[in-house]
Amino acid sequence: MAKEKYKDHNILAHKGYTDEYMLKEAGGPMKLAGTPKINSWMINNEYRLNKQSGTPIKECNELRTKAQRTVAEVRRQRGY
């Protein structure tokens with residue numbers, strides 16, 4: 001059976017990175033491919049990894065906020 005095509009929602013899609021690739025590389029759940037939730041999962045995963053690596057919580061929070069703003073801006077630019 002042919003795979004159903006979907007719109008890639010990750011913010012690096014314009015550079016050729018598919019949602020499936022991003023999730024595979026990060027160990028994320030494939031059910032998020034083709035949904036806007038991929039960005040939230042990726043941000044939260046990076047936040048968790050930053051905390052595990054010893055990054056101060058304040059910096060983790062700042063990085064997460066910056067990433068959330070970037071996603072919002074990209075979504076506005078793409079019109080969704």
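**Notebook: a look through a three-helix chain**

I began with a surface residue, Arg76, which is exposed at a relative accessible area of 57%. The model I am reading is a predicted one. Arg76 has a partner: I found a salt bridge to Glu73, with the closest N and O atoms 3.0 Å apart. Side chains of opposite charge can pair when their charged atoms come close. Both Glu73 and Arg76 belong to helix α3, three residues apart, or about one turn of the helix. Glu73 is partly exposed, and its relative accessible area is 35%. I then looked for further salt bridges, but the structure holds one.

**Helix α3**

I checked the length of α3 next. It runs over residues 57–78, and at 1.5 Å a residue those 22 residues should span 32 Å; I read 31 Å between the end C-alpha atoms, which agrees. Which residues of α3 are buried? My list is Cys60, Val71 and Val74. Looking down the axis of α3, I saw these buried residues fall within an arc of 65 degrees, so they line one face of the helix. On the face turned away from that buried side I noted the exposed residues Lys58, Lys66, Arg69, Arg76 and Gln77. Arg76, my starting point, is thus part of that exposed list. As for what covers the buried residues of α3, the cover includes α2, residues 37–52. After α3 comes Gly79, with a positive phi near 80 degrees.

**Helix α2**

I gave α2 the length check too. Its 16 residues should span 22 Å at 1.5 Å a residue, and its end C-alpha atoms are 23 Å apart, which agrees. Its buried residues are Ile38, Asn39, Met42, Ile43, Asn45, Tyr47 and Asn50. What do the buried residues of α2 pack against? I found α1 and α3 there. α2 is followed by Gly54, where I noted another positive phi, near 95 degrees.

**The core**

I then went looking for the largest nonpolar core, and it has six residues: Met22, Leu23, Leu32, Ala33, Ile38 and Met42. Helices α1 (19–26) and α2 each supply at least two residues of this core. I picked Ala33 out of the core for a closer look. Leaving out residues up to four places away in sequence, Ala33 touches Tyr6, Asp19, Glu20 and Leu23.

**His9**

Where is His9 found? I located it in the segment before α1. Is His9 buried or exposed? It has a relative accessible area of 11%; the cut-off for buried is under 20%, so His9 counts as buried. I listed what His9 touches, again not counting residues up to four places away in sequence: Asp19, Gly34, Thr35, Pro36, Ile38, Asn39, Arg78 and Tyr80. Asp19 is also on the list for Ala33, and Ile38 is part of the six-residue core.

**The whole chain**

Last, I stepped back to the full picture. The protein chain has three helices and zero strands, in the pattern α-α-α along the sequence. Its C-alpha atoms fill a box of roughly 45 × 25 × 20 Å along the principal axes. Of its 80 residues, 25% count as buried. I put its accessible surface down as about 5900 Å², with 53% belonging to carbon and sulfur atoms. Among contacts with a separation of 6 or more, residues 24 or more positions apart account for 39%.

Conventions: Residues numbered from 1 in each chain as written. Predicted model: local features only at pLDDT ≥ 70, side-chain atom pairs only at ≥ 80, totals over all residues. Heavy atoms only, no water. Helix = DSSP H or I, 4+ residues; strand = E, 2+ residues; numbered from the N terminus. Expected span 1.5 Å × (residues − 1). Buried < 20%, exposed > 50% of the residue type's maximum accessible area, 1.4 Å probe, protein only. Arc of directions from axis to C-beta. Contact = heavy atoms within 4.5 Å. Core = buried A, V, L, I, M, F, W, Y, C linked by side-chain atoms within 4.5 Å. Areas by Shrake-Rupley, 256 points an atom, 1.4 Å probe, with all protein chains shown as cover. Salt bridge = Lys/Arg side-chain N within 4 Å of Asp/Glu carboxyl O.
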